Every structure is written in structure tokens, then in C-alpha cells.
2 protein chains.
Amino acid sequence: MAEAYELSALEARQKIKEGTLTSERLIQSCLERINRRSGEVGAWTFIDPELALLSAINSDKIGNLGSLGGLPIGVKDIIDTKTMPTTYGSSIYGLNQPDKDAACVHKVREHGGVILGKTVTTEFAWRNPGKTKNPHNPLHTPGGSSSGSAAGVADFQMPLAFGTQTAGSVIRPASYCGVVGFKPTIGTHDRSGVKELSNYLDTVGVFARSVADVSFFDFALRNEAIPDLSIFDEQPPRIGLMVPFRNDASEVVLNNLEQVSKIAETKGATITDIPSSTSFERLADIQTVIMLGDAGKALEWEYEFHPERLIQFYKDSIATGQTISTKGLAAMKSKADAAREKYMELFERIDIILTLSSGDEAPKGLGFTGDPLFNRVWTLLGWPCVNIPFGKGSNELPLGVQVIGPTESDSKTLAAANWLESALLQE
Amino acid sequence: MAEAYELSALEARQKIKEGTLTSERLIQSCLERINRRSGEVGAWTFIDPELALLSAINSDKIGNLGSLGGLPIGVKDIIDTKTMPTTYGSSIYGLNQPDKDAACVHKVREHGGVILGKTVTTEFAWRNPGKTKNPHNPLHTPGGSSSGSAAGVADFQMPLAFGTQTAGSVIRPASYCGVVGFKPTIGTHDRSGVKELSNYLDTVGVFARSVADVSFFDFALRNEAIPDLSIFDEQPPRIGLMVPFRNDASEVVLNNLEQVSKIAETKGATITDIPSSTSFERLADIQTVIMLGDAGKALEWEYEFHPERLIQFYKDSIATGQTISTKGLAAMKSKADAAREKYMELFERIDIILTLSSGDEAPKGLGFTGDPLFNRVWTLLGWPCVNIPFGKGSNELPLGVQVIGPTESDSKTLAAANWLESALLQE
């Protein structure tokens, strides 16, 4: 039998319900895995085995109530937890102990989930990397900013974890680490208690090792049962193949995407080529300006009182952001709002867009978590995005493709992603 | 005897005056060197041997009139030349042939200098690198944006060349390539015909292989004779050792600077430690904002009409710059103006500041020309800066130290640099 740490969230939940697995055993197994692998991967910024085990034992005692009953969850350290310190990846907050849980953490506890520990984030979920390495090759970045969540899930240290995305912080690390990442429609999960980077862009998302698991976790947070993922089984999805920033992608990922598209077509999907355009790609510039302008506000206190603890990139970017006029920033947000409306026309004859998750496999080096260019426009548009791992890059690191649906069609998008995942697994 | 291409500008000028060297022979020698080395270094974006030779022959015919009579000069391709195409390092300007010379090129011709060719610049003297490699190791960057001028002078392809500096585009490549670079007090040389990046910051500077040569060239452009470089021979300079951003520098460059300081002290200079401060270092943030805001204006046309030819960094940066309010940008410039006044107090008891030219030797890779952090504040302050090569990094690439003087004290600063250069040569 598989070790407990290898189980998917849905499998583990089923076993716990049946009484063939306890939360204590599951979490003990994850902790052993973490212990064995912590030097190699470095996914955690805080983990207290005793505390996690006590929570698991307590969960077993009360009967593992709730949809997430007894399941271990990794929480990105940009998210407040009242039982664990929360540093936002910054030495400014080295001793910070929030006195309440973020809304999304509260949801987990409400549904019986066990907070396993805090996962490494880049500083303020922005540029400056933490200690995490790619579990497939420790010389390569795991991506960021949700570095520890993606790497930990990929490395079977926990079945479920939280991330957040402002540019590409869920989809990119998911792609680099070879796991499923899901960024729901913007506004889906309450961001209270999540350290703000951009009020306009920040989105809470989730990681798991299958589309079914991310769907299960994300919908539990909405107080809903897992959506019907079989809706495309009879009539496969109509897929629009769209590749903005094609010139910035490596040949390997482009070929990989081409192969995924061919497989989908073979399995009955219709594939329509959707051309990108200069005006569509220019939304990336708007995303940059909004992120800078918003970050200038969100990190004003840190810049004012602790500049000596910020790397130059942050000081430069915050100073720049603060000089962007309120009017100019509002104008950019209006443009983005208009784009969110306008480009919904892309979905007139298709169910989902299929595109790249990143421009290449995880780059070598731990000083930079990689370029979010292939995520920024979709984040700006606020649409649901899923990374599905498939293929290998030239260094044998994971590749992924991105499935994107129209706003507030998260169930349908996940169902299409689930269909594609199955199609690819049969290869 | 040394090959003609190995001569310094002052030596060559002396020989031409004496009649023991012709401009034709000098330029023929440089062209042969360029021809032998062009694959390895790639310093030139345009060079027409026949045109250069014809100019040299013509110079010899009329008697090598003027202070630069018969000397070959490399012109950074951000600077207009009426006899050669000028691309600003951008495909947008691939076919651009200016119909007049930039003011500084006009000065060269007025003083009898021969325009040898156009040297590689990063695109718009900003981020996107050209083809130039470091002549000491082709796997390493030569620095930028004045990549070809620094590399070409270092490689003995010409004795003198133009650069421009907005952040660190003269001093950094000089340091990486092991040549003397001089950025005079802001406003010294007329910038007409130099493609604008930042109206507030852009400064025309020069490269050579000795302090005497840069002094000679720079003062010729002012219609002045080489200043007296011996003023510190009797009474060595009072040096203030100041190292902003110390934590961002490698141990090797810090030790190297320490060694330079010790040598200077042994030779009779007084060394005073000047502490850096958070408010001083914060001027780097102001430099970033001004550069972005100005670039948003300077490159408005290119962004509007040729976005498809700009890399994403440019589009993002220009879009951000354009959103900075006129008022906010003006406020930043007022702050910088005030700092230009205020920090003159640093020179109350010293003649020059001695600091780092860069945080380390030239980094590996040709995709990024290195970080100008150690230059940005000094550029913002508008003070004269000189790179003096000394020492080697851990990959055996050149290191340098930076000598900085108070505004409009260029002669004195160069004299102090000359004194230090001699002191270091005796080691």
C-alpha cells in the first residue's frame, strides 16, 4: 500500500471517513516525509510537529467533522495564522504573531482541516526569494512567490496548500514544480488577513497534485461540494489555442503545448487558433503599472520605517509606485476593467483557452524565481486559471500548460481542466 | 617598438606632431586590430575601414590640425553621426541616417579627430544588451550601456571613445573592462544629437586607458588644454572613504578597495572614513523614479508606434514612467536638486571621495550588463566620477575603484585620480 503522505486529498479524506486512516497517521506520515526532505527542498518557514500532531489527534477525537476533516494544509506565509508566526517572508516581520487567522485559514479550520505549517513565500509575495529549492533539482528555482506551497505539494509533503497570485505566483511555481495550481476568479476567496501587495490583483489560490483535489479544496473554501468535473466526458471541450508572447517562449514549451493540443484534438476536443494581438499583450504593461502603484501604497509603512531591511528592488519599486498619480492609477484600473469586459468575447465559441503556464521549465539558480510574463495578463483579467503538468524541459524539469476560463465559470473551467488532465494521463 | 594601436592618445598625438606617425598608419593599425579581434569582442555596430582611412589620409594632408588632430575616436551608437548610420541599439532605427552630427561629434571633428566608427550600445542606452563581449573573457558581460566603447578601448582597438551615463553606463563598463572611464559634472558636454533617455540624468562621458588620456580628450571637447594633473604631487589628496550599499558588494571588491586605500595612505594621502546613511542611499530610489519618469517621455514615440519592437521590460517601464505624475516627477527632481546642494558638505575637509565602481567584477552571461547600484546616486548628484582599474576579481576579471569630486571640480578630481593611478601603478 502507498504511504499515507502519497495519498491525494480526496483519497485520504475517503479513508479517514471509512475509518481506515486517522488524521494522526496521515499527518505523522507527512511530518516524516518533511523531516527526510527538509534539507533538500526547504518548503517550510514554520513547522511545529507537536502542534500539528496535537491538532490531528484532536481532529480524530471529535470525529473529523467538516469537508476537510483531518486533512493537512500548508499555508503560504503571506497569510495570517493565529497559532503560528507569520513573517510575510520579511525580516521586518521576523517576530510577528498575528492575533487572528486570515479568512481563508479560518475557513479551513471551520471545515475541519489541520494547519500543518507555514510555507516559504518570497518577501511580500514579490521578488526577493526564500530558501526553497525545486524538488526535482535543487539547483533550480521552484518559482515564486508561492515557492514552498508548490514545492511541498510536488514533493508529497502535504496534499493541499494555499498560494496567492498577483502576477504569476500560483501558476508559475505550479508549472515549475509539476503540480496543479488553481487561481480562481478574482474575488472568490476573502483576502482578509492576507498581506496585501496589490488591492486590484491579489488572488488567493490553491495547490494539489490533481485537478480533482484543487477543485475539492477550493470549493470547500466556498462552502460548496466538489463541482461536477465530468461535464465534458460526453462532449469534449471547445478549446481556443492562444499564445500571447510567443516570441518569449522556448521552443521546447511551444512544442509541448502543440503536443497537448494534438492529444486533446485526438480525444475529441475542437481546437481553434486564437491570434494574440499587440493590444492584448499591452495589458501586461497595465498589469505592471497597477501592481507598482498598488504596492507603493500596500508597503508604504515598511518603506517609511524599515527601508534598511528592504532590498534595493523594493525601495525603487515602492518609490516609483508612490509617484504614480492616483488619477493615473485609477485610469489604468479603468482600462483593466474595460479589458475584463471586452475580452470575454474570446469565449463566444470556445469553453476554455489553452496557453502556456510559463516561458520555459524552471530556470537554474535560486536568486530569481522566474518571469511571470505568461501569467500577468490573465491575472489582470481576473479569470480562473489552472496549471496542468505535462512534459519535460531540456533539463528534465516539469513543464505545464495553462487552462483559462471566463470569469466566474470556475466549475466549468475546472471540469475542462479535469478532462484535459485525463486525456494527457492516457498518453 | 609598440604597435601603433597600443599607443595612448597623448603618445600618438605627440608622434603625429613630431612627424614620426601619421593618422593613416595609426588608423590602419587600429583597423587591423579590430579586424583580428572583432569576432571575439564585437565592439562595433558600424565600421567602414575605407571611410576611416580616407578621413585619416585627409587629416594627414591638411596637417593634423586641432588638439585631437588625426586621432581615432569611437562613438557610442546612441550619438548621431552624419557620416554613419545611428541605430540607438534599436531595430526601430535600423535604417536611421542622421543628417547632422551630435554636438560632441561636431567638437571632435572641429578639433581634427577622426570618427573611427560606431560602438555598440544597449538599446536606447538602457537594459537590452548588444553583441559585445568582455575582452578579458567572452563569457562575461562588458557592462553597459556603453559596452562597445569600454570593450574596444580595453582591447586596444582605439585609444579614445565616447560613452553616456544615466545610471552607471560609463563607470560600470569601464570597471568591468579595466579601463579609465570619466563622467564629468552633469551638463559639461552639450547633449544635442544624443538620443535622450533621461533629461535630468543623461551625461556624456569618455573612455581611455589612462587618466591623462581621458583628461586630454574631455578637455579638448571643452576647447581647453589638458588640465594640470600634478597638483597633488607635493601634497597628496585628502581622501574620504565612503561605501554606500556595502552589503551589496562582494568581499573581493571590498578588500580591493581597502587595499587601494592603504596604498594611498602609504603614499601620503590622508584617509577619512565617511559613513554612508539610509537617507543618502535612498537617493538611489529617487534616481530610479526620475529615470523612469523621464524615459516615459523620452521614448513615448517608440512605445506608441513600435511597441512590437520593444522588449517587455521597456514596455512595462515606459508605461510606468508615463503614469508618474508631472507633479510627482518634479517633486523628485526638487529633492535631487536639494541633495546636489546638501551633500556638497561631504567635501568640506576632503578633496575627493573614494568608493566602489561596481559591486563585483563583470558577471557571467551576456543577457544582462550588470547592476548600476554603485553609480546611481553619484549620477543623480551630477558630480564628476572616474573609474581607475585596479585588482582582479575571483574570475581574474578587472576590478576598479571610483574617484568622485565635488560638482564643477573636474580638473581637481582628475588630478586626484591621476595621483591615485600613479600610486597604484607603483605597486
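## The nonpolar core

In this predicted model, the largest nonpolar core holds 254 residues. Six of them touch the most other members. From chain A these are Ile73(A), Val180(A) and Ala208(A). From chain B they are Ile73(B), Val180(B) and Ala208(B).

Take Ala208(B) and set aside residues up to four places away in sequence. What does Ala208(B) touch? Its partners are Ala9(B), Val153(B), Pro159(B), Leu160(B), Val179(B), Val180(B), Asp213(B), Val214(B) and Phe217(B). One of these, Val180(B), is also among the six residues that touch the most other core members.

## Where the chains meet

Chain A puts 22 residues in contact with 22 residues of chain B. Three helices of chain A each supply at least two residues of the side that touches chain B. They are helix H10 (283–298), helix H12 (312–323) and helix H13 (326–342). By type, that side of chain A has 10 nonpolar, seven polar and five charged residues.

## How the two copies are related

Turn chain A by 180°, with a shift of 0.0 Å along the axis, and it can be laid on chain B with an RMSD of 0.0 Å. The two chains are therefore related by a two-fold axis. Both copies use the same surface: 100% of the contact residues of chain A recur in chain B.

Which residue of chain A comes closest to the rotation axis? Ile324(A) does, with its C-alpha at 2.1 Å.

## Two residues in chain A

Ser23(A) belongs to helix H2 (residues 23–41) of chain A. Is Ser23(A) buried or exposed? Within 10 Å there are 26 other C-beta atoms, so Ser23(A) is buried; the cut-off for that is 20 or more. Leave out neighbours within four places in sequence, and Ser23(A) is in contact with Ile16(A), Ala56(A), Ser59(A), Asp60(A), Asn64(A), Gly70(A) and Val114(A). Follow the chain from Ser23(A) to Val41(A) and you cover 18 residues in sequence. In space, these two residues are 24 Å apart, C-alpha to C-alpha.

Glu300(A) sits in helix H11 (residues 300–305) of chain A. Glu300(A) has 13 other C-beta atoms within 10 Å, so it counts as partly exposed. How far apart in space are Glu300(A) and Gln322(A)? They are 8.2 Å apart, C-alpha to C-alpha, with their places 22 residues apart in sequence counted as the separation.

Definitions and conventions:
Residues are numbered from 1 along each chain as its sequence is written. Chains are lettered from A and ligands numbered from 1 in the order in which they are written. This is a predicted model: local features need pLDDT of at least 70, side-chain atom pairs count only at pLDDT 80 or more; totals for chains, interfaces and linings use all residues. Two residues are in contact if their C-beta atoms, placed from the backbone, lie within 7 Å. Helices (H or I, at least four residues) and strands (E, at least two) are DSSP runs, numbered from the N terminus. Ala, Val, Leu, Ile, Met, Phe, Trp, Tyr, Cys and Pro count as nonpolar, Asp, Glu, Lys and Arg as charged, and the others, Gly among them, as polar. A nonpolar core is a set of buried Ala, Val, Leu, Ile, Met, Phe, Trp, Tyr and Cys residues joined through C-beta atoms within 7 Å. A residue is buried if 20 or more other C-beta atoms lie within 10 Å of its own, exposed if 12 or fewer, and partly exposed in between; C-beta atoms are placed from the backbone. Copies are superposed by least squares on the C-alpha atoms of residues with pLDDT of at least 70 in both.
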